[in-house]
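Reader: I am new to this structure and would like to know what stands behind the words used for it. Please go through them one at a time.

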Amino acid sequence: MDFTFDNNIPIYIQLLEYLKIYLISGVFKCGEKLPSVRDFANTFKVNPNTMQKALAELESMNLIYTERTNGKYVTKDEKLIEKLKDEYAITLAKSYFQGMKRIGLGKADSIKYLEGINE
Amino acid sequence: MSNMELLEIKNLNKKYDKKYVLKDVDLKITSGKIIGLLGKNGAGKTTLIKLINDLLTPTSGEIFVKGNNIGVESKKVISYLPERTYLNKQMKVSEVIDYFKDFYENFDDNKAKKLLKDLDLDINQNLSKMSKGMQEKVQLVLVMSRKADLYILDEPLGGVDPATRDYILDTILSNFNENASVIISTHLISDIERILDEVIFIDKGKIVLQSDTDELRTKENASIDEIFRRMFKC
Amino acid sequence: MLKKLLKYDLKYMIRNMSVFYILAIFFAIITRLLSLLDQSVMIGILTKISSGCVIAMIANIIINAMMRSWLRFRDSLYKDEAYLTHTLPVTKNDLYNSKLLQTLIFFFIGFIIVLLTLFIAYYTKDTWHTIKEYIKTITTGFNMSTAFFIIMAIVVIFLELFNAIQCGFLGIILGYRKNNARLGFSVLYGFITYLIAQTLVLGLVFIYGLFDPTVMELFKTATINIDVNAFKVLAVITSVLYLVIIFTMSIICKRILSKGVNIE
């Protein structure tokens, strides 16, 4: 997979987004061991320092934790991940409605459109 | 050792005839960083790099690499890729590998052979039979196959195709470790800025800015490329 | 590190000089073979041609050894290759000494090849005898041993060539000291250095002559009628002076190099 980065936004923030989606979508499950910083950096083709920064950020949000010698693990707290998912979904929904509002469609209409889409 | 600067430059000046090409340069670089030395053509990037590599003599000022002056000790720990082909064209690639192995204790010939293979370069070929682009790749392989403390790459992306560009960046990243730093000089900022920890802007022989990359992006709310363009409008 | 540098400098010289060595010996063998045949007009002409080739190759070996030494010196210290040379973890002294030793070794090898070529092409009992007789007339005339004469001649020629080479090195160093170096300056500096070295030798011999009237005679008379002793003294003094000059100049070269270079 190729990862694209927008040079206008700090890379670690973009990495953080990617990582959050990994957690939400269950690419890495609760309590699962994460790849090393170096492996992660190689996958994303980014500087290991930047990767480290993104992971540290994730850790400060308690979404992952470090076991002293063994490396990093996804939190065992499923509620935290659920909460993250919830927040993310709300953000996405909000941005959808904002977009619809811009072209003059209210909430009710917007929902109709949503229902009309076959995945 | 850890709190000693990897590279420290104090009040460095370089004059050609009466014109200053570098003026009052002060610089400190620590280990474990990928640093972009960014500037327009003729800004003084190559001059600075050549001074660090003993290819130019300073008009005044001092350069320390791990506390040593420029000399045998500094050359042991610096792996330098110049912006020109510098190998004796009469040699075969395999001979050049032996040459590096002879002179640099930290040269890993197995790694070099592996990288050459990745790039589809024939170890038995004569350099004179290779295109300039191929020779540049050989040089990059040689430079990256040293386990150095400081890698200095002068315009490694100039004139290479996008595929090679990606390969070069990947090679830099995968060889990078926390004990070393990499200085990459370039004017092609957008291609490279995502891998940089730190940027140094140089213009008219002066260091105008040294900053953490993401901090700068957050502060200016723009890409490094754009910030650079804003600063040095032609 | 000097050993490693020398290894690659010698490899370079072998790569570029061996063709002349091989050709010289090849033509020498041809000349010899032709001389063994019946001497018809045709064979006579061929022998002349082949013989000419031998001489040309001998000249090539000597001239090329000099030119290559200079070229190699300039290329590896001041051209594109300098980017590698000056970033090797070796001292400037080693860099210089390696080039100097390489030249010395190649003069020596060249000298051996030239002798070998001459031997293959022209050795007969008669020519050997003629040469021996010729040398003998000189040495008896000078009242010195043949060995002394030959050794002295070789030493003086060697030192003279060596001095010339080093003048070239110094010329290159001076010419390329600054940016925007031009080859012309190097040649000029080299030539001036050479003149200075020659003048110095001559001047010092002259000064010695002030104390030794027999040597002084050499400056006054233009005849062959030289004092035997004076000739010996002259040869020894000249050799010593050359040695001193070569040594001093090599120190000067290394000093300037150690102060740093400016590679374009």
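Author: Two residues are in contact if their C-beta atoms, placed from the backbone, lie within 7 Å. By that rule, 14 residues of chain A are in contact with 19 residues of chain B. The model is a predicted one.

Reader: Which elements of chain A supply at least two residues each of the side that touches chain B?

Author: They are α1 (11-24), α2 (37-44) and α3 (48-60) of chain A. By class, this side of chain A has eight nonpolar, five polar and one charged residues.

Reader: What is said of chain A and chain C?

Author: No contact joins them. The closest C-alpha atoms of chain A and chain C lie 28 Å apart, while the rule for a contact asks for C-beta atoms within 7 Å.

Reader: Which pair of chains has the most contacts?

Author: Two pairs of chains touch, and the most contacts are between chains B and C. There, 21 residues of chain B are in contact with 19 residues of chain C. On the chain B side, α2 (72-77) and α3 (93-103) of chain B each supply at least two residues. The residues of that side divide into ten nonpolar, five polar and six charged.

Reader: What makes residues of helix α8 of chain B buried or exposed?

Author: A residue is buried if 20 or more other C-beta atoms lie within 10 Å of its own, and exposed if 12 or fewer do. In α8 (residues 213-220) of chain B, B:T213, B:D214, B:L216 and B:R217 are buried, so each of these reaches the count of 20 or more. B:E215 and B:K219 are exposed, so each of these two has 12 or fewer.

Reader: Why are the buried residues put on the same side of α8(B)?

Author: Because they cover an arc of only 160° around the axis. B:E215 and B:K219 are on the other side of α8(B). The buried residues pack against α1 of chain A together with β9 (198-203), β10 (206-212) and α9 (224-231) of chain B. After α8(B) comes B:N221, whose phi is positive, near 55°.

Reader: How do you know that β1 and β2 of chain B pair?

Author: Two strands pair if DSSP finds at least two bridges between them. Seven bridges join strand β1 (residues 7-16) of chain B to β2(B), so the two count as paired. They run antiparallel. As one example, B:L7 has B:I29 of β2(B) as its bridge partner.

Reader: What makes β2 and β5 of chain B edge strands?

Author: The open sheet has four strands, in the order β2-β1-β4-β5 of chain B, with antiparallel pairing. β2 (19-29) and β5 (68-69) of chain B each have a single partner strand, so one side of each is left without a neighbour in the sheet. Helix α1 (residues 45-52) of chain B packs on the sheet and touches β1, β2 and β4 (60-65) of chain B. The direction of this helix makes about 65° with that of β2(B).

Reader: How is chain C divided?

Author: Into domain 1 (1-123) and domain 2 (125-264). The C-alpha centres of these two domains of chain C lie 22 Å apart. Each domain gives 18 residues to the contact. On the domain 1 side, α4(C) gives the most, with eight residues. By class, that side has twelve nonpolar, four polar and two charged residues.

Methods. Residues numbered from 1 in each chain as written. Chains lettered and ligands numbered in written order. Predicted model: local features only at pLDDT ≥ 70, side-chain atom pairs only at ≥ 80, totals over all residues. Domains from an automatic or database assignment. Nonpolar A, V, L, I, M, F, W, Y, C, P; charged D, E, K, R; others polar. Axes fitted to C-alpha atoms, helices over the stretch in contact; angles between N-to-C directions. Arc of directions from axis to C-beta.
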